[in-house]
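The following exercises concern packing and burial in a protein model. Please work through each task before reading its solution.

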Amino acid sequence: MMHSMLKVSANHRFLVRADGAPFFWLADTAWLLLYRLDRGEADRYLTARAAQGFTVIQVMGIVEFDELRMPNAYGEQQFLDRDPLRPNEKFYAHVDWIIRRAGEVGITVALLPTWGDKVGPVLWGKGPVIFDARTARAYGRWLGARYAAAPNLLWVLGGDRPPVQEDAPGGAKDFRPVWREMAAGLQEGDGGAHLMTYHPMGGSSTSAKLHAEPWLDFNMIQSGHGARNPANWAQVAHDYGLEPPKPTLDGEADYEDHPVNWNQDNGWFDDLDVRRTAYWALFAGAFGHTYGSTPTFLFQKPGLEIPQFGGRRTWEEALALPGANQLRHARALLESRPFLTRVPDQSVIAGEAGAGPNRMQATRNDDGAYAFVYLASGAPVAVNLDRLSGTIVTAWWFDPRTGHATRIGEFPRAGTREFSPPMRGPGIDWVLVLDDAAHAFPPPGVSAPAP
């Protein structure tokens with residue numbers, strides 16, 4: 001199932017396929033895929049993620065680690081003599097295969113032409129800085145031309161680095177001219193066929209320094225791994241409110257099985273952390289979400305560990321982590337209702353929305369045909385039913401852990417009503433679904449039959 005080229009929706013809030021069909025971005029951070037896995041392993045990985053409902057993988061084109069010396073699974077280094085203008089054909093033949101195979105199972109590759117330390121600032125990692133304006137444009141042009149016809153591809157510049165380093169010795173240092181040249185080279189090479197964004201540092205968004213860049217098709221946030229319950233909903237809401245409007249999403253949230261703030265004494269992010277950041281961001285206006293797990297982004301296996309990240313299992317064991325299997329339910333929920341007309345709307349909630357682990361986040365259709373409220377701690381919620389359309393509201397509980405929907409009943413669309421989840425306790429979150437009964441939507445998470 002090869003994907004068609006993606007584009008920004010007419011309302012500038014979502015991504016759609018070439019024919020206008022909605023595209024739900026459910027990504028996995030597969031950063032080291034091009035280096036660590038042979039074709040048999042890569043096929044197992046891609047097939048598994050496709051079966052779990054993932055539609056995108058985010059992949060490092062030039063890896064952060066090992067100073068350009070890391071070979072792929074077949075012993076091939078990326079460049080000859082570490083020269084970015086002398087690509088190794090044998091290395092890129094493997095990249096070709098992975099992109100093609102990903103398309104066959106229905107996955108788009110979000111390819112970072114380089115990790116950010118190769119442009120600067122290095123900050124951490126190995127470097128070296130190998131790109132200036134000239135080499136960035138030439139490399140971008142070559143890469144863009146090679147994959148110009150790939151239908152399941154988009155470009156992600158950056159790579160965990162700020163486009164402007166405010167605290168550089170001697171004053172702020174602006175790396176945007178180099179990134180602009182790389183973007184221009186990619187567009188020259190592929191004729192502008194593929195969408196483009198930028199992967200920022202933890203706690204930041206591309207919108208801070210890049211929102212007005214003409215090559216930036218959508219904003220990306222990295223809420224990161226520094227603490228539990230980050231207010232990524234506020235980051236998404238900020239980007240959603242910018243002009244001109246551009247789609248936005250959290251492109252790197254808390255990784256499942258990652259030490260909180262890189263310290264194992266703080267505990268490990270788990271499936272509840274994964275669900276919270278996903279639903280908060282989606283209901284705040286994000287067009288999709290990116291998952292990650294530490295063992296999988298490293299493709300960790302015996303003899304190929306990177307100890308500072310503290311992964312506790314192999315990548316194949318990590319494929320079955322609970323959070324990786326649960327985000328398909330978020331996709332199913334949003335795809336079971338009109339997709340391209342969904343807007344964030346906290347006024348659905350009557351009273352305070354809360355903060356931290358108690359945050360409630362609401363979204364609805366722009367005409368009130370439905371509304372969703374995410375209850376991160378499973379507390380009761382009072383809602384303003386007049387934010388919906390029609391005369392009768394059908395209410396449901398949707399379980400984000402299992403994807404199971406339970407019908408609550410029908411109620412007059414008037415005033416405020418409180419709903420209490422069927423079960424409460426540690427790790428028990430819920431989504432309240434409210435439908436205009438006249439639309440006769442299927443149960444939440446169940447796709448409506450094709451017209």
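The conventions are set out below, followed by four exercises with solutions.

The model is predicted, so that local features need pLDDT of at least 70 and side-chain atom pairs count only at pLDDT 80 or more, while totals for chains, interfaces and linings use all residues. Residues are numbered from 1 along each chain as its sequence is written, and side-chain values use heavy atoms, with hydrogens and water left out.

**Exercise 1. Nonpolar cores**

Task: Identify which residues touch the most other members of the largest nonpolar core.

Solution.
Step 1. A nonpolar core is a set of buried Ala, Val, Leu, Ile, Met, Phe, Trp, Tyr and Cys residues joined through side-chain atoms within 4.5 Å. Buried means under 20% relative accessible area, exposed over 50%, and partly exposed in between, with a 1.4 Å probe and protein chains only.
Step 2. The largest such core has 112 residues, and Trp-25, Leu-33 and Tyr-45 touch the most other members.
Step 3. Apart from this core lies another, of 22 residues, which includes Val-348, Ala-362, Leu-388 and Leu-434.
Step 4. Contact means heavy atoms within 4.5 Å. With neighbours within four places in sequence left aside, the contacts of Tyr-45 include Leu-33, Ile-57, Phe-299 and Trp-315.

**Exercise 2. Helix 4 against helix 5**

Task: Determine how helix 4 and helix 5 are oriented to each other.

Solution.
Step 1. Helices (H or I, at least four residues) and strands (E, at least two) are DSSP runs, numbered from the N terminus. Helix 4 covers residues 133-146 and helix 5 residues 176-190.
Step 2. Axes are lines fitted to C-alpha atoms, for helices over the stretch in contact, and angles run from 0 to 180 degrees between N-to-C directions. The two helices pack at an angle of about 30 degrees, with their axes 6 Å apart.
Step 3. Angles under 35 degrees count as roughly parallel, over 145 as roughly antiparallel, 65 to 115 as roughly perpendicular and the rest as oblique. Helix 4 and helix 5 are therefore roughly parallel.
Step 4. A crossing is left-handed if the near helix is turned anticlockwise from the far one by less than a right angle, and right-handed if clockwise. Helix 4 passes helix 5 in a right-handed crossing.
Step 5. The residues of this contact comprise nine nonpolar, four polar and five charged. Here Ala, Val, Leu, Ile, Met, Phe, Trp, Tyr, Cys and Pro count as nonpolar, Asp, Glu, Lys and Arg as charged, and the others, Gly among them, as polar.
Step 6. Gly-189, in helix 5, is buried at a relative accessible area of 17%. Beyond four places in sequence, Gly-189 is in contact with Arg-141, Gly-144, Ala-145 and Ala-148.

**Exercise 3. Helix 3 against helix 4**

Task: Establish how helix 3 lies relative to helix 4.

Solution.
Step 1. The axes of helix 3 (residues 89-104) and helix 4 come within 12 Å and cross at roughly 45 degrees.
Step 2. Helix 3 is therefore oblique to helix 4.
Step 3. Glu-89, Tyr-92, Ala-93 and Asp-96 in helix 3 meet Tyr-139, Trp-142, Leu-143 and Arg-146 in helix 4. This contact has five nonpolar residues, no polar ones and three charged.

**Exercise 4. Leu-334**

Task: Decide whether Leu-334 is buried or exposed.

Solution.
Step 1. Leu-334 belongs to helix 11 (residues 322-335).
Step 2. Its relative accessibility is 2%, so Leu-334 counts as buried.
Step 3. Not counting residues up to four places away in sequence, Leu-334 touches Phe-24, Leu-282, Phe-283, Phe-339, Arg-342 and Phe-372.
Step 4. Leu-334 and Pro-444 are 110 residues apart along the chain, with their C-alpha atoms separated by 8.3 Å.
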